[in-house]
Protein chains: 4
Amino acid sequence: MPAARVPDDRGMQSSRLEAFSDGVLAIIITIMVLELKLPTDGHSFAQLWHATGAGLLTYLLTFVYVGIYWSNHHHLFQVVRRVDGRVLWANLHLLFWLSLFPLTQRWLDESSIARDPTVVYGVNLLAAAVAYFLLQQAIFRTPTGSELREALGRDLKGKLSPVLYLAGIALAFVAPWAGLVPAVVVALVWLVPDRRVERYVQRLPGEEPPK
Amino acid sequence: MPAARVPDDRGMQSSRLEAFSDGVLAIIITIMVLELKLPTDGHSFAQLWHATGAGLLTYLLTFVYVGIYWSNHHHLFQVVRRVDGRVLWANLHLLFWLSLFPLTQRWLDESSIARDPTVVYGVNLLAAAVAYFLLQQAIFRTPTGSELREALGRDLKGKLSPVLYLAGIALAFVAPWAGLVPAVVVALVWLVPDRRVERYVQRLPGEEPPK
Amino acid sequence: MPAARVPDDRGMQSSRLEAFSDGVLAIIITIMVLELKLPTDGHSFAQLWHATGAGLLTYLLTFVYVGIYWSNHHHLFQVVRRVDGRVLWANLHLLFWLSLFPLTQRWLDESSIARDPTVVYGVNLLAAAVAYFLLQQAIFRTPTGSELREALGRDLKGKLSPVLYLAGIALAFVAPWAGLVPAVVVALVWLVPDRRVERYVQRLPGEEPPK
Amino acid sequence: MPAARVPDDRGMQSSRLEAFSDGVLAIIITIMVLELKLPTDGHSFAQLWHATGAGLLTYLLTFVYVGIYWSNHHHLFQVVRRVDGRVLWANLHLLFWLSLFPLTQRWLDESSIARDPTVVYGVNLLAAAVAYFLLQQAIFRTPTGSELREALGRDLKGKLSPVLYLAGIALAFVAPWAGLVPAVVVALVWLVPDRRVERYVQRLPGEEPPK
C-alpha cells in the first residue's frame, strides 16, 4: 500500500523524541528519592516513619503520576511514528511541567502538607494535564494523527482529570489533605492502563472494531 | 511460519519499556555516589577509610544488586518482545522498589549498620524480589510468555532468594551485620550470570537442547 | 542508487552519539530543579515567589535553551547518519559547555542576577553557540555532510545568535538584567522550530525545492 | 555468507548493554557539576575563580576521561554486536570504577589537590583502565571477538596508559600536582580518536588493509 506509506515517510521519526522523554521521565522519577529526608536524631523505625513517612507517601503518589504519564506517552507514540516541530515543542512543554514535580512534591513534603503547597502541587498536576492535552492536539495535526484520534475515542478520562484537579485545588482551601484526595482518585483511575490504544494497535487490518 | 509471527505482531514492543528501565537503573546506580560522605576533618587515607569505607562497601553491594537486576531484566526481555499494560505496571512496580535503594542504603550507611536500618534494607531487597517475581508472572500471561517460562525452568535461584532475605531480616535482630550476610550470599549466587535464557536464545530452531 | 549508498555505509552510525547526547541533555534539563531553593521561613505563596521566583524564571530560560539545543541537534542528525571521530569530539565539546549551564544558572540565581554572574552566563551561552558551530563544521566534512550544508542554507539564525550573546555580555556591564534581554530574544527566535531541515527531509526525491 | 551469520545470530544483542552504559556515562559526566562549589562570600569573577577554578579544571579533566571511555566503548561495540554474560559483568565492572570518578574528583577538589586524594584519583584511573582491559579480553572470547582483536592490533595506547597512571601515583608522593601530569598526558594521547577501529569498519569487504 504505497498510499499509506507516503505520509509515514514524511516528517521526522519519533524515536529520538521518545528516547529523550524517557530519559527526562526516568531522571524525574529517580531524583525525587535524593530529596527525601532521613531521621537525624536516631535510627529506629519510629523515627524513620516520623521523618520520612509523609515524604514516602507523596513520593509514591508522584511516582505513580510520572509512571502514568510515561505509560500514556508510550501509548501515544505507538500509533504516531512521525512528528513535526510543533509536536517537539508540545512535548518539551509537557516535560517542563513534569520536571517541576520534584520541586512541588518537595515543598509539599517539607510543609507537612500545608495549604499553599497543596495548591501549588495541584496547579502542577493541572498544568501537566493541559500540556498533555496540547500534545495530543499537536499530534492530531500530523499526517498520521487521525489514527490516534480514532484510537482515543471520546477520551473521557483525559477530560475528567483536569476537572478533578480543579476540585482538589478548591478543596485545599477547606482542608489541605482534602486537596490531595482528587489527585489520588485520578491516579487510581489512570492506573487501569489505557487499553484503548492497545486494542487499536492489536486489531488486525480488516478486522471490525469490537464495539 | 506465519502462525508464530501473528502473536509477535500483537501488543506493544518492549523496546521502550527496556529503554526507560535502563534509564532508571542507570540513574539509581550512579546517584548513590552523590550520597557518599567524604571526610570533613582531613585528607588522609585513614580519614577516607573512616568516613567513607562503610559507605563504599554498602555502595558496592547495592551496585551489584542493581547490576543483577539489570542483567536479569535484560535476559527477561531477550525472550519476550511484546508486552501489555499489565507488564508495563509490573515493571514500574519493580522500578519503584529499586528506586528506594539509594534511600535505604543511605540510611544503612549513616547508621553505621544499626539494627532497624538493616531490617529496612532487607525489606527493600525482599520487596524488589517479590516485584520481580510478579513481573515474571505478568510476562508469562502474554502471548509469547510461555517461551520465557520454558527458558526459566524451575527457577531455583529466584525461589531461594526471598527465603534468604527473610533469614537476613531475622538475623538482623540478633546482630545487625549478620543480617547482611544472606544479602551478600544471594549477590554472589546471582553474579554467576543467568545462563538459562542465554542457552535458550542460542539454541537454533530444530536443535535439541544439550541436556 | 548504489553510488549514494556507499558513503552512507562507511563511518560509524550516529545512533549511539544521539542516545548519549539525549542522556546528557535530559539530565542537564532535569537536575537544575534539584538546585532550586525553596522558602525556609514559611509555606505561603508570597514566600515561594520571594525565594524561588527568580530561580524559576532563569530555570525556564535555561530549559528553553537546552530544549532548543536538543531540537536542533535532533534536526542535525536527521540528515547525517554517519559520523567520524572528529564529530564525536565536536559533540562532546558541545556537551561540555551545555553541562555547565546548571552551574552558571545556579550562580546567576544565587546572586539575584548580579553583574559578573550575568556575564558568566552569557559567556556560557556564547561558548555553547561556538561549539555548536564547530560541530556543524565537523559534520560538513563527513561524506554525507554536503546534504546538511544544503539543508541549512545561509543559516542566518545561527550566525546572528553569537552577535546577540556578545551584545548581552556588553549590556550586563551597564545593567545586569539588561544583559539577559538578548538571551531571551535569541530563545524566542529559535523557539520557532527549524523548518529548514524538516522541509529538506520531507522533499521527495526528484521534487524541486520550493524556493 | 550463512557461515558468517550463524555466530552473529547467537548470544545476546549488545544494543541494550550500550544503551545502559550510555546512560551511566551520561549521568556520571553530568552530575559532577552538581558537586562544584560556588563562592559563598560574593559574586565577583575573582571569587568565582578562587572558589570554583580548581574544581572546574579537575571537572574538565574528568569530563575528558569519561568522554574518552565513552568514545572507546562506542568503537569497541561497533565491531562486536553479540555479547555473553561474561561481557555483561566485565562491562558493569568498568562502570563501577567509572561511577567512582565523581567521588574521587570531589575529594581531589575539596582537598585543593593534596597528596592522598591525588593518589586515590590515580588509583581510580588505574582501576578503570584495568577494567577496560578485562572487558576487551572478555569480548575477545566471544564468537566475533577475533575481529576486534584484529582491529585493535598491538594496542600500544592501551598498554601504555596504566604505566603512566602508576607513574602518576608514584609522583604524587613527590609533589601532588606532579601526580596529575601523567593523567593529563594520557588524556591528550587519547583525545586523538581511535582511528584503528574506524579504519577497520570502513574497509569494504575484499579490500586490502592499507598497511
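To compare copies of a chain, we superpose them by least squares on the C-alpha atoms of residues with pLDDT of at least 70 in both. Keep that in mind as we look at this model, which is predicted.

Let's start with the arrangement of the chains. Two copies of a chain are related by a rotation about an axis and a shift along it. Here, a turn of 90 degrees and a shift of 0.0 Å along the axis lay chain C on chain A, with an RMSD of 0.0 Å. The two copies are thus related as by a four-fold rotation axis. If you look for the residue of chain C that comes closest to this axis, you will find C:Gly23, whose C-alpha lies at 4.2 Å. Which surfaces do these copies use? Only 5% of the interface residues of chain C are also interface residues in chain A, so the copies meet through different surfaces.

Now let's turn to chain B and chain D. Their contact draws on 42 residues from chain B and 35 residues from chain D. The size of an interface is often given as the accessible area lost when the parts come together. For chain B and chain D, about 3500 Å² is buried between them, and 72% of this is on carbon and sulfur atoms.

What about charges? There are 2 salt bridges across this interface. In a salt bridge at 2.8 Å, N to O, the side chain of B:Asp22 meets that of D:Arg16. There are also 6 residue pairs in polar contact between the two chains.

On the side of chain B that touches chain D, the elements giving two or more residues are α2 (15–35), α3 (45–79) and α10 (195–202) of chain B. The most comes from α3(B), with 17 residues. The residues on this side divide into 23 nonpolar, 13 polar and 6 charged.

How values were computed. Residues are numbered from 1 along each chain as its sequence is written. Chains are lettered from A and ligands numbered from 1 in the order in which they are written. This is a predicted model: local features need pLDDT of at least 70, side-chain atom pairs count only at pLDDT 80 or more; totals for chains, interfaces and linings use all residues. Side-chain values use heavy atoms; hydrogens and water are left out. Contact means heavy atoms within 4.5 Å. Buried area is the accessible area (1.4 Å probe) that two parts lose on being put together, summed over both. A salt bridge is a side-chain nitrogen of Lys or Arg within 4 Å of a carboxyl oxygen of Asp or Glu. A polar contact is a pair of N or O atoms within 3.5 Å; within protein, one must be able to donate a hydrogen and the other to accept it, and residues adjacent in sequence count only if both atoms are side-chain atoms. Helices (H or I, at least four residues) and strands (E, at least two) are DSSP runs, numbered from the N terminus. Ala, Val, Leu, Ile, Met, Phe, Trp, Tyr, Cys and Pro count as nonpolar, Asp, Glu, Lys and Arg as charged, and the others, Gly among them, as polar.
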